[in-house]
Amino acid sequence: MDTNNVSLENILSSSFLLDSDIADVSRFKMEESKKEKAYSYIYKNREVGKYFLNEFGKPISKDCYFNISHSKGVVVFIKDTVPIGIDIEKIRPIEDNMIEYISSNEEKEYIKNEKRFFEIWTNKESLTKTIGTGIKDKIKNIPGLPIVGVKEYKEKKYYSIVKEYKGYVISITRESEQPFNIDITEEGI
């Protein structure tokens with residue numbers, strides 16, 4: 001969901017937001033952040049229902065696996081029958097030291113521009129979101145390659161894909177060795 005062209009008032013009027021969600025949204029200062037957080041709650045409440053947070057702060061449901069990410073006015077949501085993670089980042093300029101900070105030697109060779117940097121970054125993020133821990137290891141040690149395909153991490157195998165969408169990079173990782181495809185759809189409230 002692209003929140004840039006939707007008013008905050010319109011989002012906050014959604015029947016899928018609880019009073020506690022609106023209270024949490026109000027603690028953010030920037031309107032963009034408020035919109036993104038509100039949409040995160042809308043997706044969770046509408047698509048998942050009951051959920052709780054694990055010890056790492058990841059929302060968990062007993063009925064399905066799901067994940068949410070947002071960046072610069074766009075919110076993405078995914079739901080599946082196996083553990084899954086999603087990450088989105090707007091392609092933007094980066095500082096050279098960021099490549100050194102996040103990348104293995106093989107990944108440094110792959111990164112030729114900002115788009116490729118965010119492919120690696122979002123791939124690492126979606127993998128750690130799939131396992132539900134967030135980034136606990138040194139980020140260099142989390143595999144970002146292959147961009148599309150099977151990777152092994154912590155004795156399990158995962159399949160990752162990367163999509164580009166209107167100047168954003170979206171990575172999705174599933175706990176599976178099987179290839180999959182995702183269609184990106186836009187929706188309103």
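Lys90 lies over the face of Tyr168, 4.9 Å from the ring centre, where a charge counts as over a ring if NZ of Lys or CZ of Arg is within 6 Å of the ring centre and within 35 degrees of the ring normal. Arg46 is likewise placed over the face of Phe16, at 5.9 Å from the ring centre. The model is predicted, with local features requiring pLDDT of at least 70 and side-chain atom pairs pLDDT 80 or more, whereas totals for chains, interfaces and linings use all residues. Residues are numbered from 1 along each chain as its sequence is written, and side-chain values use heavy atoms, without hydrogens and water.

The largest nonpolar core (buried Ala, Val, Leu, Ile, Met, Phe, Trp, Tyr and Cys residues joined through side-chain atoms within 4.5 Å; buried denotes under 20% relative accessible area with a 1.4 Å probe, protein chains only) contains 16 residues, and Ile11, Tyr39, Tyr43 and Phe77 have the most contacts inside it. Helix 3 (31-48), strand 3 (65-71) and strand 4 (74-80) each supply at least two residues of this core; helices (H or I, at least four residues) and strands (E, at least two) are DSSP runs numbered from the N terminus. Helix 3 gives the most, with six residues. A second, separate core of 13 residues includes Ile84, Ile86, Tyr168 and Ile170.

Seven aromatic pairs are found in the whole structure, pairing being assigned to Phe, Tyr and Trp (six-membered) rings with centres within 6.5 Å, as stacked under 30 degrees between planes, edge-to-face over 60 and tilted for the rest. Tyr39 and Tyr43 form a tilted pair, 5.9 Å centre to centre with 50° between the planes. Both residues are buried, and they are separated by about one helical turn because they are four residues apart in helix 3.

Conventions: Buried means under 20% relative accessible area, exposed over 50%, partly exposed in between (1.4 Å probe, protein chains only).
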